[in-house]
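Student: Could you take me through this model, one packing and pairing question at a time?
Tutor: Gladly. Ask about sheets and helices in turn.

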Amino acid sequence: MDKTLLTYRGIKRIFIVISVLTIVQGFTIVFQAIYLSKMITNLFHGTVWQAVLPYFTLFISLFSFRHFLQWMKERLSYRYAEQTSIALQKKLLSKLFAVGPKSVSRHGTGNIITLTIEGIQQFRKYLELFIPRFLSMFIIPAIILLYVFYSDTLSGIVLLITMPIMIVFLALLGLAAKKKIDDQMDTYRLLSRHFVDSLRGIVTLTYLGRSKSHVRAIASVSNKYRIATNRTLRLAFLSTFSLTFFSSLSIAVLAVELGVRLIEGTTGLEVALAMLILAPEYFAPVREFGNDFHATMDGKEASRQIHEILQEKNIPFMNRDFSLPAWNRDTTLSIKHMSVTSEEEQRKLLDSISFEVKGFNKIGIIGASGAGKSTLIDVLAGFTVPTEGSIVIDCVEIPHFSIEQWHKQLSYIPQHPYIFSGTVAENIRWNDQTATDEQLHKAIKLAGLTELVHSLPNGINEKIGQGGRSLSGGEEQRISLARVLLKNQPILLFDEPTAHLDVETEYEMKQMLLPLLENKLVFFATHRLHWIKDMDYIFVLQKGKLVEAGTHEELYDKKGYYFDFIGGESLDESF
């Protein structure tokens, strides 16, 4: 049983209700067998059918009531599983926003999509099947065994001895199945990630002429998943056959034992019939649990992965009023000895960073890959919490940047902006739903989207994103920029926004973007050196440390880290 099962809201109540229904169902099965054996025995001894009609009526009534109880159990279990899975899905989505994009990228976008859609459905199936099957496996055999011991001790001993054999075999099957299911889930996650990455890169693959060769890669991943699935199904079919074989063998042993005693006259026909009728019912719950075991294991594994994400540390978002000022020309941000330590990598991503900025400046952040550029941007955006250091904004000390008053003043432009499934207008209005059409069209013009919008059949109402028209990298960045312009925040954070664009598109973006950065505080992380000369101030990072800071001229004349990094180029010409 999943150790987190008892933590779900309402699980104890549903366990109690289904347990009561299962107990009643267990007694119904016993009485059903009693009246059926009475009816058959009386008919065998020549009793007229009118005399056995009451037994037949009681048997039919109990048979119907038993299946009504089963329907009730399944209905209650389904409704609870549906409600719990929806609640867990909402909890997971909220958690994904709380842990930030770094955690999502670590788990993999494909894996996250699989968990939030198919994983939740598998979890629902797990709850729906597991709860009634698990309770039936313990309650119904116990009730039947008590009655068998009461009616015929020797038959009870036979049933008591044979049941542990099935339980042990079921446990062995579980151990054998775990490895196969883990392999199957691993290949399924690989397939899902590969599929999502393929969808994202299909335009690029086609442009580069690699789409046909990529088909072979998709076929290879799909074949691995097919093989893993067939191995799991093979084990599932084997377990079903084995459980049926052992239960049939146990019933056969009981039938032989009862037959011998019937011949010797040491037991009656009515008792023997009742025992034979109850024997299949005694083993049925275990067999059903074993048959559904494989169907529920995917859901159990999905539950484990979801709870791993739910147990991750949130970005500690602060709603407390720190009385932060609106950023203006006189506002000062002071950071002293700020560090970020990665527990996974056992190293400092940022090491004792200290700087002070005032008012509106364009600050370029450069350094080799892994120097800490993106980490610094993530800290400023509130996606990452520093492990040490102090942050002061106009004499107000704050613990980190995950603060509502700070977030309301900034916009973040990532390297790969996300385009939501919706219209052009809905995507641009994402950060400001109250923007007027006039403001929208102004943002579109400033972002250089006018020509694109006019080329679309439905203009700003054209659907883009998933299920809609695909956009180029430059067009996606312009959509992202239009969002920022519509909100018009005083603080802008750029995390290598042109890294994946070609030279021509980047040139167009630069000519359009630079005038829009005036009168704002801008942190611009990039490895494209032609941007640097247009920055008012430059931070040079190396292995997580801020090794130099100053203007282009100051750092160039210093002939230090910056000079070595740019290779001694003057950067007099852009592009």
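Student: How many bridges join β3 to β11?
Tutor: This is a predicted model. In it, β3 and β11 run parallel. Gly-364 has Ile-538 in β11 as its bridge partner. The bridges joining β3 to β11 number four.

Student: In which sense do β11 and β12 run, parallel or antiparallel?
Tutor: The two strands form a hairpin, with two residues between them. Gln-542 stands opposite Lys-545 in β12. Five bridges join β11 to β12, and the sense is antiparallel.

Student: Which residue in the turn of that hairpin has a positive phi?
Tutor: The turn belongs to the hairpin of β11 and β12. Its phi is about 50°. The residue is Lys-543.

Student: In what order do the six strands of the open sheet lie?
Tutor: The pairing in this sheet is mixed. β3 and β11 are joined in parallel, while β11 and β12 run antiparallel. The order is β6-β9-β10-β3-β11-β12.

Student: Which are the edge strands there?
Tutor: An edge strand of this sheet pairs on one side only. Neighbouring strands are turned by 15° against each other on average, direction ignored. The edge strands are β6 (410-413) and β12 (545-550).

Student: Which residue in β9 does Ser-411 stand opposite?
Tutor: β6 pairs with strand β9 (residues 491-495) in the parallel sense. Four bridges make up that pairing. Opposite Ser-411 stands Leu-492.

Student: At what angle does helix α8 run to β9?
Tutor: Helix α8 covers residues 373-381. It lies across β3 (362-366), β6, β9, β10 (521-525) and β11 (537-542). Its angle to β9 is about 150°.

Student: Turn to the open sheet of four strands. What is the order of its strands?
Tutor: The pairing in this sheet is antiparallel. β2 (347-358) and β5 (396-398) each have a single partner strand, so one side of each is left without a neighbour in the sheet. On average, neighbouring strands are turned by 20° against each other, direction ignored. The order is β2-β1-β4-β5.

Student: What is the bridge partner of Ile-391 in β5?
Tutor: Strand β4 (residues 388-393) pairs with β5 in the antiparallel sense. The pairing has three bridges. The partner of Ile-391 is Ile-398.

Student: Which strands of this sheet does α8 touch?
Tutor: α8 packs on the sheet. Its direction makes about 120° with that of β1. The strands touched are β1 (332-342) and β2.

Student: Now the helix pairs. Why are α13 and α14 roughly parallel to each other?
Tutor: Helix α13 (residues 473-487) packs on helix α14 (residues 503-513) with the axes 10 Å apart. Angles under 35 degrees count as roughly parallel. α13 and α14 are therefore roughly parallel. The angle in question is about 15°.

Student: Which residues of α14 does α13 meet?
Tutor: α13 passes α14 in a right-handed crossing. From α13 come Gly-474, Gln-477, Arg-478 and Leu-481. By class, this contact has four nonpolar, three polar and two charged residues. The residues met in α14 are Thr-505, Glu-508, Met-509, Met-512 and Leu-513.

Student: At what angle do α11 and α13 pack?
Tutor: Helix α11 covers residues 437-446, and the two axes are 8 Å apart. α11 and α13 are therefore oblique to each other. The crossing is right-handed. The packing angle is about 130°.

Student: How many nonpolar residues are in the contact of α11 with α13?
Tutor: α11 gives Gln-439, Leu-440, Ala-443 and Leu-446. α13 gives Ala-482, Leu-485 and Leu-486. One residue is polar and none is charged. The nonpolar residues number six.

Student: How far apart are the end C-alpha atoms over residues 14-36?
Tutor: An unreviewed UniProt entry lists residues 14-36 and 48-69 among others as "transmembrane region". Residues 48-69 are 95% helix and 0% strand. Residues 14-36 are 100% helix and 0% strand. The end C-alpha atoms of residues 14-36 are 32 Å apart.

Key
Residues are numbered from 1 along each chain as its sequence is written. This is a predicted model: local features need pLDDT of at least 70, side-chain atom pairs count only at pLDDT 80 or more; totals for chains, interfaces and linings use all residues. Side-chain values use heavy atoms; hydrogens and water are left out. Axes are lines fitted to C-alpha atoms, for helices over the stretch in contact, and angles run from 0 to 180 degrees between N-to-C directions. Angles under 35 degrees count as roughly parallel, over 145 as roughly antiparallel, 65 to 115 as roughly perpendicular and the rest as oblique. A crossing is left-handed if the near helix is turned anticlockwise from the far one by less than a right angle, and right-handed if clockwise. Contact means heavy atoms within 4.5 Å. Ala, Val, Leu, Ile, Met, Phe, Trp, Tyr, Cys and Pro count as nonpolar, Asp, Glu, Lys and Arg as charged, and the others, Gly among them, as polar. Two strands pair if DSSP finds at least two bridges between them. UniProt positions are given in the numbering used here, feature names are shortened, and annotations may be inferred rather than shown by experiment.
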